[in-house]
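Hi,

Here is the structure I said I would send over. Have a look at it first, and my notes on what turned up are underneath.

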Amino acid sequence: MNIGIIGLGNMGRAFYDLFLKAGHTLFVACPHEKDIATFQTRDNREIVDRSDIIFLGVKPYMVKSVMKEIEDKIEGQTIVSMAAGVNLESLRAMAPTEKIIRVLPNTPITVGKGVIAYTPGYDMSDEEKENFEALLAPAGLIMEMDEGNLDIVTALAGATPAFVAMIVEAFSDGALQCGMKRADTYKIAAAAIAGSCEQLLQEGLHPGQLKDKVCSPGGATIEGVLAMERAGVRGALSDAMIETVQKGKSLA
């Protein structure tokens, strides 16, 4: 497939690497990157001419100007916007095509363990959805989502890598204070979190069930759980999610 990517920030680059590995023909519009192995230009309009589907990886405030620049070149291509906070109604008003899709990916797509939520801006056929999901499948979990939930997905999937990284770092600090080497603490904490999440998914457990599996009466783990409760960890994480959602809604 001929795929165009306009903008090569973190997410644009992640999609570039994903599609390049899958063997697609790529056309990239970005003035800054120097290690691009495929066609590259500074001219966004040239990308549209060469592509069947165009991924917009620019900042939310730049979407309108990019759409204005390419609007007279669009002739049936599908436009896929990654911009948080720019809703389908706004995108439809900018783009002279009905074939618009909003996607919200997160950074773990680079290792095939990401999440991509998408909302079609038109009546996609079952075949179109199947093909689109197949295109993105190497990235990880692909889910069609009502647009009203996309701002929540921005926080729940998009921001979670930052939150988890902070948790890994905090666990590492505690283990370091207890005498373990820093490099070992990072590896074990990250692997333990990844494995715990995989267990939740594969076994279909409620999070409370997994917690109860690990907590023995009078044991060490329940001592740590109670310490986290006293510190208000649940509330802090919930507040972080809520505030991230609220900020995401104001980005456009």
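The main thing to look at is an open sheet of eight strands, which run in the order E3-E2-E1-E4-E5-E6-E7-E8 with mixed pairing. Keep in mind that this is a predicted model. The edges of the sheet are strand E3 (39-41) and strand E8 (140-144); each has a single partner strand, so one side of each is left without a neighbour in the sheet. On average, neighbouring strands are turned by 20° against each other, if you ignore direction.

As a reminder, strands of a sheet pair through backbone hydrogen bonds, either parallel or antiparallel. Here, strand E1 (residues 2-6) and strand E2 (residues 25-29) go together in the parallel sense, over five bridges. In that pairing, Ile-5 of the one strand stands opposite Val-28 in E2. Helix H3 packs on the sheet, where it touches E1, strand E4 (53-56) and E5, and its direction makes about 150° with that of E4.

Just after that helix comes a residue I looked at separately. Glu-71 is in the loop between helix H3 (63-70) and strand E5 (78-81). Is Glu-71 buried, exposed or something in between? Its relative accessibility is 29%, so it counts as partly exposed, given that buried means under 20% and exposed over 50%. Neighbours within four places in sequence aside, Glu-71 is in contact with Met-94 and Pro-96. Pro-108 is another matter: Glu-71 and Pro-108 are 37 residues apart in sequence, and their C-alpha atoms are 32 Å apart in space.

Next, helix H10 (residues 233-249). Its 17 residues should span 24 Å at 1.5 Å a residue, and the end C-alpha atoms are 25 Å apart, which agrees. Which residues of H10 are buried? They are Met-241, Val-245 and Gly-248. These residues cover an arc of only 70° around the axis, which puts them on the same side of H10. What they pack against is helix H6 (150-177). On the face turned away from that buried side, H10 carries the exposed residues Glu-243, Gln-246 and Lys-247.

Last, the aromatics. Searching the whole structure gives five aromatic pairs. One of them is Phe-27 with Phe-39: the ring centres are 5.7 Å apart and the planes are at 65°, so this pair is edge-to-face. Phe-27 belongs to strand E2 and Phe-39 to strand E3, so the pair ties together parts that are 12 residues apart in sequence. The partners differ in burial class: Phe-27 is buried, with a relative accessible area of 10%, whereas Phe-39, at 26% relative accessibility, counts as partly exposed.

Tyr-118 and Phe-132 make another pair, with ring centres 5.2 Å apart and planes at 65°, so the geometry is again edge-to-face. This one links distant parts of the chain, as Tyr-118 is in strand E7 (residues 114-120) and Phe-132 in helix H5 (residues 126-136), 14 residues apart. Both Tyr-118 and Phe-132 are buried. There is also a cluster: ring pairs link Phe-15, Phe-19 and Phe-55.

That's my list for now.

Cheers

Key
Residues numbered from 1 in each chain as written. Predicted model: local features only at pLDDT ≥ 70, side-chain atom pairs only at ≥ 80, totals over all residues. Heavy atoms only, no water. Helix = DSSP H or I, 4+ residues; strand = E, 2+ residues; numbered from the N terminus. Buried < 20%, exposed > 50% of the residue type's maximum accessible area, 1.4 Å probe, protein only. Contact = heavy atoms within 4.5 Å. Pairing = 2+ DSSP bridges. Axes fitted to C-alpha atoms, helices over the stretch in contact; angles between N-to-C directions. Expected span 1.5 Å × (residues − 1). Arc of directions from axis to C-beta. Phe/Tyr/Trp six-rings, centres within 6.5 Å; stacked < 30°, edge-to-face > 60°.
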